[in-house]
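Reader: I am in my first year of study and should like to examine one part of this structure closely. May I ask for a careful account of how its helices pack?

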Amino acid sequence: MSVLAVGLSHRTAPVALLERVAVSGDSLVKLLHDVHRSECVAEAMVVSTCNRVEIYADVQRFHSAVSGLSELLGTYANVPVEHLAPHLYVHYEDRAVSHLFSVTSGLESMVVGEGQILGQVRQALRLAQEEGTLGSTLNEMAQHALRVGKRVHTDTGIDHAGASLVGVGLELAERVLGPIQGKRALVVGAGSMSALSAATLARAGVTGIVIANRTYERAVRLAETVGGRPARLDDLPAELAQADIVISCTGGGNLVITPEMITGTGPLFLLDLALPHDIDPGVRALPGVTLVDLEAIQNSGLGSGTGTDAGDVVEAARRIVAEEVAGHLEVVRAARVTPTVVALRSKAAGVVEAELGRLVSRVPDMDQRVRDEVTQTMRRVVDKLLHEPTVRVKQLAASPSGDHYAEALRELFNLDPKMPEAVRQAGIDGSVQSSQTTRSSPASPASPATRRKGEL
């Protein structure tokens with residue numbers, strides 16, 4: 001099995017298309033299970049944010065998996081797959097690991113270094129765990145990605161390489177309204193992005209922050225954190241009339257602000273951070289109203305982290321990602337060869353025990369001391385013969401073509417690493433020697449409780 005990533009983001013697709021593909025809530029759960037049920041897919045995880053939708057899967061066959069996952073995304077977007085395909089990117093094995101690590105580190109975000117992606121990947125991992133679509137391959141990869149993201153943010157300060165989406169939006173607001181300190185703001189929604197927006201507004205000196213949400217209790221809780229006032233969605237027309245800045249990020253899939261709701265004379269700055277859109281683009285036709293959405297932020301060039309210092313920070317982050325990817329792949333490749341090594345030692349142990357049994361039957365009167373010495377000598381000889389090839393194949397397994405060495409070993413010794421006996425008979429130190437040698441039974445197998453974890 002190998003890891004495959006298929007997706008699209010703000011780098012490859014227009015916002016209008018991203019809006020159609022974006023999934024959340026029950027739709028996200030359904031997509032996750034549809035992916036997991038796809039042919040050739042053993043594990044699945046979906047990362048869906050305001051500017052990307054990516055499917056990660058542990059697959060058996062590359063081409064059929066790419067075709068199936070692309071068709072699924074097309075179905076959910078209600079877009080013919082031939083129209084969607086030019087905007088899709090596909091990453092396989094090493095590149096899939098590298099891509100997830102880069103995404104989680106904020107290197108692929110619209111605003112370089114934004115920290116929200118860490119939480120979004122964590123949510124994707126948690127959902128896949130809860131829905132039972134995850135196995136060891138994707139679970140370990142995603143867990144490692146989260147550790148890499150934390151390390152990048154801690155070691156490089158990449159958070160400062162680009163402002164947050166909210167920060168960029170407010171910078172655009174100041175171009176329209178002038179200094180925003182003392183302005184009145186309305187935040188629509190009470191999720192994580194809304195909380196970030198409210199906190200950013202408060203730090204910028206915006207006063208009279210109002211939080212409007214479908215669930216009033218959540219609006220109350222968020223408003224309390226910034227000294228603001230809660231409101232219901234039904235109150236939006238009245239609240240819009242009093243606001244200077246509006247940030248909407250419910251992502252509920254329906255328009256929550258329409259031209260008919262805006263009755264004030266302006267100026268009014270609207271920031272729509274939701275996908276699908278929260279605010280009807282028709283508000284742009286109203287006098288004194290400015291609407292900025294994700295596409296406008298993308299085209300603004302702000303927060304791209306292209307300055308000299310930011311460039312150094314990004315380069316440092318990329319070096320960390322490359323280092324962590326290499327480490328992850330080394331562990332994965334070494335794990336792949338372990339069953340072959342165990343099978344080889346198990347087969348050698350079987351040969352030794354068979355020959356010892358034959359010796360006992362032919363020389364039943366052999367002195368016990370001599371028998372023990374012969375037994376130990378045979379095992380030492382086999383251990384020494386196997387030591388070098390098993391050590392080398394583990395080392396070589398860390399290389400990009402490491403699987404070929406394990407395959408050669410299986411062919412040369414006619415090994416079947418899937419046989420349960422290979423695991424059951426593995427010795428405590430991976431040698432051919434049993435861990436329960438007794439004087440009356442020189443061929444006693446090792447107890448499963450004594451197996452070394454790292455060897456299996």
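Which residues in H2 meet which residues in H3?

Author: The model is a predicted one, and the description below should be read in that light. On the side of H2, the residues concerned are Ser27, Lys30, Leu31, Asp34 and Val35. On the side of H3, they meet Leu69, Leu72 and Tyr76. By character, the residues of this contact divide into 5 nonpolar, 1 polar and 2 charged.

The geometry of the pair can be described next. H2 spans residues 25-36 and H3 spans residues 62-77. Their axes come within 11 Å and cross at roughly 155°. An angle over 145 degrees counts as roughly antiparallel, and H2 and H3 are therefore roughly antiparallel to each other. The crossing of these two helices is right-handed.

A second pair of helices may be set beside this one. H5, residues 94-104, packs with H7, residues 136-156, at an angle of about 45°, and the axes lie 8 Å apart. That angle makes H5 oblique to H7. H5 passes H7 in a right-handed crossing. Within the contact, H5 contributes Val97, Leu100, Phe101 and Thr104. Their counterparts in H7 are Met141, Ala142, His144, Ala145, Leu146, Val148, Gly149 and His153. The residues of this contact divide into 8 nonpolar and 4 polar, with no charged residue among them.

H5 also deserves attention for its burial. This helix is mostly covered, with 8 of its 11 residues buried. Among the buried residues are Val97, Leu100, Phe101 and Thr104, the very residues through which H5 meets H7. Ala96, His99, Ser102 and Val103 of H5 are buried as well. Just after the helix, Gly106 takes a positive phi of about 85°.

Finally, one may turn to strand E4, which covers residues 89-92. Its side chains alternate along the strand: Tyr89 and His91 point to one face and are buried, whereas Val90 and Tyr92 point to the other and are not buried. E4 is joined by 4 bridges to strand E1, residues 2-9, and the two strands run antiparallel. In this pairing, Ala5 has His91 of E4 as its bridge partner. His91 thus appears both as a buried residue of E4 and as the partner of Ala5.

Definitions and conventions:
Residues are numbered from 1 along each chain as its sequence is written. This is a predicted model: local features need pLDDT of at least 70, side-chain atom pairs count only at pLDDT 80 or more; totals for chains, interfaces and linings use all residues. Side-chain values use heavy atoms; hydrogens and water are left out. Buried means under 20% relative accessible area, exposed over 50%, partly exposed in between (1.4 Å probe, protein chains only). Two strands pair if DSSP finds at least two bridges between them. Axes are lines fitted to C-alpha atoms, for helices over the stretch in contact, and angles run from 0 to 180 degrees between N-to-C directions. Angles under 35 degrees count as roughly parallel, over 145 as roughly antiparallel, 65 to 115 as roughly perpendicular and the rest as oblique. A crossing is left-handed if the near helix is turned anticlockwise from the far one by less than a right angle, and right-handed if clockwise. Contact means heavy atoms within 4.5 Å. Ala, Val, Leu, Ile, Met, Phe, Trp, Tyr, Cys and Pro count as nonpolar, Asp, Glu, Lys and Arg as charged, and the others, Gly among them, as polar.
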